[in-house]
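Thanks for coming. I have one structure to go through today, and I will spend the time on its internal cavities. Please have a look at it first.

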Amino acid sequence: MKKILFITLSVFTLNFAMAQMNLAIGPRAGFGHSWFSNTPGGVKNLYHPAGNFGASIVYSSQSNFGISADILYSIEGNKFEGNGIGGGIAKYENRLGYLRIPVQGIYFFGQYGDKVRPKISAGPSFGFLMSGKSYTDGKETGDIKDNFKGFDIGLHLSPGVHVNLVENTWLVADVGYYHGFSDITELPSAPDSKNRNIQVNLGVIFGIGKY
């Protein structure tokens, strides 16, 4: 009986370990530019720094397919130039902070085990608004979280590459574009606006066990 139990536990442990071989997890961060799909007429859109940081988990089979999920804090919003209250030109910024969860299907080019594997990935991204601040000429002017909806959804696209640094450790680099589908504004008088951003992302993922 003990021998049977030992064999059963050994097989279960081996199968569990084998199941984990295709999993990798690690930190990631990115930086880029964000904007809204609609900006009031007569204003000039400006570069708005955007960024994210968090963690990624990646599953990849021995074929060319995989899947990833991220948990990120993402800084988004927009910046534009328009008429100042007292005359002249002013710079206005809406800075929004989201907890963002992109889930993507991945297609890897090349062969399993290659040191460098280009990839392309796409999938939905779910955003939960955590904060909202407005700025005029760099000075904070108010809390605007209530002016925006608490949930945002869109499509995330990202070509990139996985580079095997050492055994079970990969450098992950990609250029991500987010195209929001939902109107994010709560104010009835505001035009429909959707989140947009483009970012360069870097991360390191560590395999669990060996392939």
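How do the residues of the lining of the largest cavity divide into nonpolar, polar and charged? There are seven nonpolar residues, seven polar ones and four charged ones. Keep in mind that this is a predicted model.

Let me set out the chain before going further. The chain has 211 residues, and 39% of them count as buried. It contains one helix and ten strands. In sequence order the pattern is α-β-β-β-β-β-β-β-β-β-β. For contacts between residues at least 6 apart in sequence, 64% join residues at least 24 apart. The exposed area of the chain is about 11600 Å², with carbon and sulfur atoms supplying 68% of that area.

Now the cavities. At a cut-off of 30 Å³ or more, the structure holds two.

I will take the largest cavity first. The space in it comes to about 160 Å³. Its lining is made up of 18 residues. Those nearest the centre are Arg28, Ser56, Lys119, Val172 and Asp174.

Which elements supply at least two residues each to the lining of the largest cavity? They are β1, covering 23-36, β3 at 49-60, β4 at 65-83, β5 at 89-108, β6 at 116-136, β9 at 169-180 and β10 at 195-207. If you want to know which element gives the most to that lining, it is β10, with five residues.

On to the second largest cavity. Its volume is about 110 Å³. Here the lining has 13 residues, and Asn52, Arg100, His156, Asn197 and Gln199 lie nearest the centre. Two or more residues of this lining come from each of β4, β5, β9 and β10. Which element gives the most to the lining of the second largest cavity? That is β4, with three residues.

By class, the lining of the second largest cavity breaks down into three nonpolar, seven polar and three charged residues.

To put the two next to each other: the largest cavity is at about 160 Å³, and the second largest is at about 110 Å³. β10 is the main contributor to the lining of the largest cavity, whereas β4 gives the most to the lining of the second largest. That is what I have.

Terms used
Residues are numbered from 1 along each chain as its sequence is written. This is a predicted model: local features need pLDDT of at least 70, side-chain atom pairs count only at pLDDT 80 or more; totals for chains, interfaces and linings use all residues. Side-chain values use heavy atoms; hydrogens and water are left out. On a 1 Å grid over the protein atoms alone, a cavity is a set of points where a 1.4 Å probe fits but cannot get out, and a pocket is an open set with protein on both sides within 12 Å along at least five of seven lines; lining residues have an atom within 4 Å of a point. Grid points are joined across faces, edges and corners, and a volume is the space filled by probe spheres set on the points. Helices (H or I, at least four residues) and strands (E, at least two) are DSSP runs, numbered from the N terminus. Ala, Val, Leu, Ile, Met, Phe, Trp, Tyr, Cys and Pro count as nonpolar, Asp, Glu, Lys and Arg as charged, and the others, Gly among them, as polar. Buried means under 20% relative accessible area, exposed over 50%, partly exposed in between (1.4 Å probe, protein chains only). Contact means heavy atoms within 4.5 Å. Accessible areas come from the Shrake-Rupley method with a 1.4 Å probe; for residues, only the protein chains shown count as cover.
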